[in-house]
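Biologist: Please take a close look at one part of this model for me: the largest cavity and what lines it. Then move outward to whatever else can be said about enclosed space and charged pairs.

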Amino acid sequence: MSSSALPLARTIIEGAFIATVDEAGSEFAVGHVVVDGNTIVAVGSGSSPQWARDGLTPDGVGATGGSSRASIRLVDGRGHLVTPGLINTHHHLYQWLTRGYAQDSILFDWLTSLYPLWARIDAELVEAGAMGAMAVAAKSGCSTVGDHHYVFPSGAGDILGGIVKAAGELGVRIHATRGSMDLGQSQGGLPPDFAVESIDAILAASGEAVERYHDAGRGAMAQIALAPCSPFSVTADLLRESAALGRSLGVRLHTHGSETVEEDAFCLAKFGKTPTQYLEDLDWLGSDVWMAHCVHLDDHAIGRFAATGTAVAHCPSSNARLAAGIARVPAMLDAGITVGLGVDGAASNESGQLGTEIRMAVLMNRLGAGADRMPGRTALRMATMGGAKTLGRDGELGSLEVGKLADLAVWKIDGVEHAGILDPVAALTLGAQPPLALLLVNGVAVVEDGQLARVDEAVVASAVARASTALALR
């Protein structure tokens, strides 16, 4: 398989099981997907239309996008499952450099162990870590990466620029955030004072990040959100002013919320409110907001999230790794809350594979709510359309439909691990993660036959190893 930074005029996938994840949940046991450039132009049962194979438009009167028989790529989809590309709604890419630390700690202890190390990062190290983390995510079917970066040491260089650059080289979409912390230990916060910034510096840097890297247009490969870290690491003033700035700039807002019982206790002791009550008072609920974790939402909080359109990034593996608890995802979905999936920080989820979070979401939520309360297809929807809605991209991403962008994953399910399975979708949602035969992002191959198509994996791995060692020795 050959690849290029430019999409082919037309790609045709035939003979695969197609899970469109559209509103009706349409599936085709033997179906096709046709892509022109970066756009899906046909999806359905059986073979692709003759006009597609002839390099014509649907009305048959002429070629489209320069396509011809010579520029059509035909992909044999027999023995494969095709889904939309997966969408990661919460990550901390820089943490790829600090995997394996504080292995048996709860969140607060884990954070205090790692803050001193994270405060030594710079743009070069973060770029290497981000490339490694996103490479692993892409190999697990992830086409869009949502990152929450909140540590900006003085003199560290253009950290967000490094993240955006790495995503561009790899070929995935990036939803980066200009995160922040301004509540140090001397003011009653969790991070050490040397790891925080002033509000003025944060707001200025946030505006600059949006101006430099945010693309509000259709098909954007990079977007920026504003993301003060958490109620225990930022002040009320920063939360309030960041929300106002983000809305004035037309970008989304992101933070952590209700992740642990310790966070709930912190908010009750310091503010006399639950995290949700506190954040709502600071204008941090709304249809332009998504929050990570939300493990401990009570009935009132679920009601407020639903009423305001606030979305949730569910991170089951990290929640388990840190013993944070089981989020009430079925109750959230019943209430109408948009829920996406997230890997969370690589240092609290050493795997980094978004594809495996689908299965983890199914198993975790069945433990919490019952075997019939989290079907596999519900978890797949969270990883695709749920993620697209969480990031405000559901008009162009998240499902295989005509007119949507060509972000799709082709999974091999005829190998020894999955051959003969009754339901092809269950191969992904309940079985071991299937090998990824092809990942298209914006119509361009990012993964082919399980290997990264646009960067050298050995070079990426070597750079991660060097950066991890360099950081540990600082």
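**The largest cavity and beyond**

Modeller: Helix H2 gives the lining of the largest cavity its largest share, 4 residues. Keep in mind that this is a predicted model. The cavity encloses about 120 Å³ of space. It is lined by 17 residues, and those closest to its centre are Leu107, Leu111, Tyr150, His256 and Glu259. Two elements give two or more residues to this lining: helix H2 (107-118) and strand S15 (344-345). By class, the lining has 8 nonpolar, 7 polar and 2 charged residues.

The structure holds 2 cavities of 30 Å³ or more. The second largest has a volume of about 30 Å³. Its lining consists of Arg178, Ser180, Ile202, Ser206, Leu226, Ala227, Pro228 and Ser242. Strand S9 (173-180), helix H5 (199-213) and strand S10 (222-228) each give two or more residues to that lining. The largest share, 3 residues, comes from S10. Sorted by class, the lining of the second largest cavity has 4 nonpolar, 3 polar and 1 charged.

Helix H5 leads on to the charged pairs. Side chains of opposite charge can pair when their charged atoms come close. Across the whole structure, a search finds 24 salt bridges. Arg212 takes part in a salt bridge with Asp158, with the closest N and O atoms 3.4 Å apart. This pair links distant parts of the chain: Arg212 sits in helix H5, while Asp158 sits in the loop between strand S8 (142-146) and helix H4 (159-170), 54 residues apart. Arg212 also meets Glu208 in a salt bridge, at 3.7 Å from N to O. Here both partners lie in helix H5, 4 residues apart, about one turn of the helix.

How accessible are these side chains? Arg212 has a relative accessible area of 49%, so it counts as partly exposed. Asp158, at 31% relative accessibility, is partly exposed. Glu208 is partly exposed too, at 42%.

One further pair is Asp76 with Arg78, whose closest N and O atoms are 2.7 Å apart. Asp76 is partly exposed at 45% relative accessibility. Arg78 reaches 60%, so it counts as exposed; the cut-off for exposed is over 50%.

Technical notes
Residues are numbered from 1 along each chain as its sequence is written. This is a predicted model: local features need pLDDT of at least 70, side-chain atom pairs count only at pLDDT 80 or more; totals for chains, interfaces and linings use all residues. Side-chain values use heavy atoms; hydrogens and water are left out. On a 1 Å grid over the protein atoms alone, a cavity is a set of points where a 1.4 Å probe fits but cannot get out, and a pocket is an open set with protein on both sides within 12 Å along at least five of seven lines; lining residues have an atom within 4 Å of a point. Grid points are joined across faces, edges and corners, and a volume is the space filled by probe spheres set on the points. Ala, Val, Leu, Ile, Met, Phe, Trp, Tyr, Cys and Pro count as nonpolar, Asp, Glu, Lys and Arg as charged, and the others, Gly among them, as polar. A salt bridge is a side-chain nitrogen of Lys or Arg within 4 Å of a carboxyl oxygen of Asp or Glu. Buried means under 20% relative accessible area, exposed over 50%, partly exposed in between (1.4 Å probe, protein chains only).
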